[in-house]
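Me: I'm new to reading protein models and would like to work through one by asking questions. Can you take me through it?

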Amino acid sequence: MRRASIKTCHAYEYMVDVSGGYANVGFTLKDLYNKLDASQREDMIGGDANATLGYLKGKAAEDKKLFYKYSTDENKRLANLFWRDLTSLADYSCFGDVLVFDSTYKTNHYEKPLVLFVGSNNHLLTVVFGFALLVDETEETYTWVLKTFLESMEGKKPRAILTDGDEAMRKAINIVFPGCPHRLCSWHVSRNSLTRLWTRGAKKVVPRKRSRQKLLVVLIKIMTRAV
């Protein structure tokens with residue numbers, strides 16, 4: 001009926017008349033709107049996934065070093081997607097000794113975890129080695145994306161990895177990069193120190209700002225194994 005430009009409310013009233021009353025329809029008008037909205041979002045996401053893969057396929061035809069890989073779920077819908085270009089490969093070959101593996105928690109329209117693989121160049125500027133949109137933040141998914149990353153970088157492994165300390169990340173790193181030193185990102189260490197230790201009475205122990213800064217420096221060194 002929507003394809004025939006019939007409004008949803010009119011279609012619902014028609015179903016009420018045919019079934020002999022509202023009680024016989026089996027769902028409310030709001031249920032119908034919710035179902036149609038969910039179907040529309042699913043079609044949109046599916047369309048965006050196909051458009052994205054089509055775009056990457058086209059770019060791969062232009063850039064022979066562009067790499068992308070994806071996996072699908074049981075319904076054959078896009079689950080995980082990783083990609084990196086020639087510049088990322090060149091940067092990693094020069095500055096890939098230390099890899100920062102970070103996941104932002106569903107800050108995009110599709111509510112998928114976005115993983116960034118980044119590092120630092122000889123000018124202390126951030127360089128991006130790759131991106132990934134994941135279906136979840138489990139050990140299995142992180143293992144898939146790390147293996148894919150390693151494949152895209154032609155087998156070159158980092159000498160050290162920095163993360164936010166996520167347990168699933170840690171297990172995946174041990175699987176894909178066994179023996180590779182794994183350290184916590186100092187930014188996450190300092191943030192957690194302020195939010196967790198400072199609110200548990202640390203303020204009474206070190207009330208001055210300078211003392212608090214010294215405490216954070218010591219904590220960062222301990223937690224990153226720098227001492």
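Me: How much accessible surface does the protein have, and what share of it belongs to carbon and sulfur atoms?
Reply: Keep in mind that this is a predicted model. Its accessible surface comes to about 14,800 Å². The share belonging to carbon and sulfur atoms is 55%.

Me: How many helices and strands are there, and what percentage of the residues is buried?
Reply: The protein has 8 helices and 7 strands. It contains 227 residues. Of these, the buried ones make up 32%.

Me: Among contacts with a separation of 6 or more, what percentage comes from residues 24 or more positions apart?
Reply: Here you leave aside contacts with a separation below 6 and look at what remains. Residues 24 or more positions apart account for a share of 51%.

Me: Which residues have the most contacts inside the largest nonpolar core?
Reply: That core has 26 residues. H3, E3, E4, E5, H4 and H5 each supply at least two of them. The residues with the most contacts inside the core are Phe-101, Phe-117, Tyr-142, Val-145 and Leu-146.

Me: Let's pick Val-145. Which residues does it touch, leaving out those up to four places away in sequence?
Reply: Val-145 is one of the residues with the most contacts inside the core. Once residues up to four places away are set aside, Val-145 touches Phe-82, Phe-101, Phe-117, Ala-132 and Leu-134.

Me: On to the rings. Are the rings of Trp-83 and Phe-131 stacked or edge-to-face?
Reply: A search of the whole structure turns up 9 aromatic pairs. In the pair of Trp-83 and Phe-131, the ring centres are 5.4 Å apart and the planes meet at 20°. Planes under 30 degrees apart count as stacked and those over 60 as edge-to-face. With an angle of 20°, this pair is therefore stacked.

Me: How many residues apart in the chain are those two?
Reply: Trp-83 sits in strand E2, which covers residues 78–84. Phe-131 belongs to strand E5, residues 126–133. The pair links distant parts of the chain, and the separation is 48 residues.

Me: Are Trp-83 and Phe-131 buried, exposed or partly exposed?
Reply: Buried means under 20% relative accessible area, and exposed means over 50%. Trp-83 has 25%, and Phe-131 has 28%. Both values fall in between, so Trp-83 and Phe-131 count as partly exposed.

Me: What about Phe-101 and Tyr-142: is that pair stacked or edge-to-face?
Reply: Their ring centres lie 5.6 Å apart. Phe-101 is in strand E3 and Tyr-142 in helix H4, so the pair ties together parts 41 residues apart in sequence. The planes are at 80°, and over 60 degrees is the cut-off to use here. That makes the pair edge-to-face.

Me: Are Phe-101 and Tyr-142 buried or exposed?
Reply: Phe-101 has a relative accessible area of 1%. Tyr-142 also comes in at 1%. The limit for buried is under 20%. So Phe-101 and Tyr-142 are buried.

Me: Which residue lies over the face of Tyr-92?
Reply: Tyr-92 is part of an aromatic cluster whose members include Phe-67 and Phe-149. The residue over its face is at 5.4 Å from the ring centre, and its name is Lys-156.

Me: Now the charged pairs. What joins Lys-65 and Glu-154?
Reply: Lys-65 lies in the loop between H2 and E1, and Glu-154 in the loop between H4 and E6, so the pair ties together parts 89 residues apart in sequence. Their side chains meet at 3.3 Å, N to O. The cut-off is within 4 Å. What joins them is a salt bridge.

Me: Which residue does Glu-151 form a salt bridge with?
Reply: The closest N and O atoms are 3.0 Å apart. Glu-151 is in helix H4 and its partner is in strand E1, 82 residues apart. That partner is Lys-69.

Me: Which helix holds both Arg-170 and Glu-167?
Reply: These two form a salt bridge, with the closest N and O atoms 2.4 Å apart. They are 3 residues apart, about one turn of the helix. The helix is H5.

Technical notes:
Residues numbered from 1 in each chain as written. Predicted model: local features only at pLDDT ≥ 70, side-chain atom pairs only at ≥ 80, totals over all residues. Heavy atoms only, no water. Phe/Tyr/Trp six-rings, centres within 6.5 Å; stacked < 30°, edge-to-face > 60°. Helix = DSSP H or I, 4+ residues; strand = E, 2+ residues; numbered from the N terminus. Buried < 20%, exposed > 50% of the residue type's maximum accessible area, 1.4 Å probe, protein only. Lys NZ or Arg CZ within 6 Å of the ring centre and 35° of its normal. Core = buried A, V, L, I, M, F, W, Y, C linked by side-chain atoms within 4.5 Å. Contact = heavy atoms within 4.5 Å. Areas by Shrake-Rupley, 256 points an atom, 1.4 Å probe, with all protein chains shown as cover.
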